[in-house]
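Reader: I would like to go through the charged pairs and one helix of this model. Please keep the answers short.

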Amino acid sequence: MTDNMMGLFLSECLPSEVPTTFFCTQRYSELAKRRNAEIALHPVLDHTHDWKSITEGMIADIGSTEGVSGIRAHSCAYQQKYGVLLSELGLHYVSQVTLPFECEVEPFMHPWGIWEIPIRYMDNMDMWASERSGLTARKFSVKVLEAAISSKTPFCFDFHPVHILLNTSCMEDYARWAEAGRPEISALARNRNYGVRDYFNDLLQLAADANAEFSTCRDILGSIGPNGEAGRRVACASA
């Protein structure tokens, strides 16, 4: 994801009034200018990496002036000892547990001192579930959007800006772009099939019609009441 591609996403796809959490692998100059944007970390971690050094480096490199509150590692890589480390580094939440959209779960505190904001929809997960595992009969289901609007607990969506720019309709669409060398996307891709951008736009329209409140993950955490409840919020997150 280049800086120009991020600029295209911000100008053409995401209304400025929609608060959004961006889980970033790098610093984006266009994003730094954005109001209503929370910048969180999206490191690439595997068993060969020094997770502590990578996380500390990213906090220093791409942290915003408001500081970094949250993290979601690439492919939701996580372990309990990492949760302890994140708490010690001063981060407040992770967002890596992926749940069926029907699950009404409040953000919760892990025993090792870090909050969890569960993901209830991810575009990659939706396409894989329908095409690979068969867990979802139909991708881009309106039932998910309706559940988000009516949910009594925060409903966290995870959309990848590149899928919105490409209007990815299936993982093969993304694979073709990746196999071509991940060329710069300078204009919104046209796709005859219904894709991620169409679904994202339907979410925005449905939320507007229902006067649903969007929120960043950080603001959801800040709204948690004395009994651990965060109330009805739709969290929009990009990775």
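The questions below take up salt bridges, then helix H9.

Author: A caution before we start: this is a predicted model.

Reader: How many salt bridges does a search of the whole structure find?

Author: Side chains of opposite charge can pair when their charged atoms come close. The search covered the whole structure, and the number of salt bridges found is four.

Reader: Which residue forms a salt bridge with glutamate 56?

Author: The partner lies in helix H3 (residues 51–62), as does glutamate 56. The two are four residues apart, about one turn of the helix. Their closest N and O atoms are 2.7 Å apart. The partner is lysine 52.

Reader: Is lysine 52 buried, partly exposed or exposed?

Author: Its partner glutamate 56 has a relative accessible area of 33%, so glutamate 56 is partly exposed. Lysine 52 has a relative accessible area of 40%. The partly exposed class runs between 20% and 50%. Lysine 52 is therefore partly exposed.

Reader: What is the N to O distance in the salt bridge of aspartate 173 and arginine 176?

Author: Both residues are in helix H8 (residues 171–179). They are three residues apart, so about one helical turn separates them. Their side chains meet in a salt bridge, N to O, at 2.5 Å.

Reader: Is aspartate 173 buried or exposed?

Author: Arginine 176, the other half of the pair, is exposed, with a relative accessible area of 52%. For aspartate 173 the relative accessible area is 15%. Buried means under 20%, so aspartate 173 counts as buried.

Reader: Which residue meets glutamate 30 in a salt bridge?

Author: Glutamate 30 is partly exposed, at 31% relative accessible area. The partner is exposed, at 62%. The N to O distance between the two side chains is 3.5 Å, and the partner is lysine 33.

Reader: What span is expected for helix H9 at 1.5 Å a residue?

Author: H9 (residues 196–209) has 14 residues. From its first C-alpha to its last, H9 reaches 20 Å. That is close to the expected span of 20 Å.

Reader: What arc do the buried residues of H9 cover around the axis?

Author: The buried residues are Val196, Arg197, Tyr199, Phe200, Leu203, Leu204 and Ala207. They lie on the same side of H9, because their arc around the axis is only 165°.

Reader: Which residue just after H9 takes a positive phi?

Author: The place to look is just after the helix. There, a phi of about 55° belongs to asparagine 211.

Notes:
Residues numbered from 1 in each chain as written. Predicted model: local features only at pLDDT ≥ 70, side-chain atom pairs only at ≥ 80, totals over all residues. Heavy atoms only, no water. Buried < 20%, exposed > 50% of the residue type's maximum accessible area, 1.4 Å probe, protein only. Expected span 1.5 Å × (residues − 1). Arc of directions from axis to C-beta.
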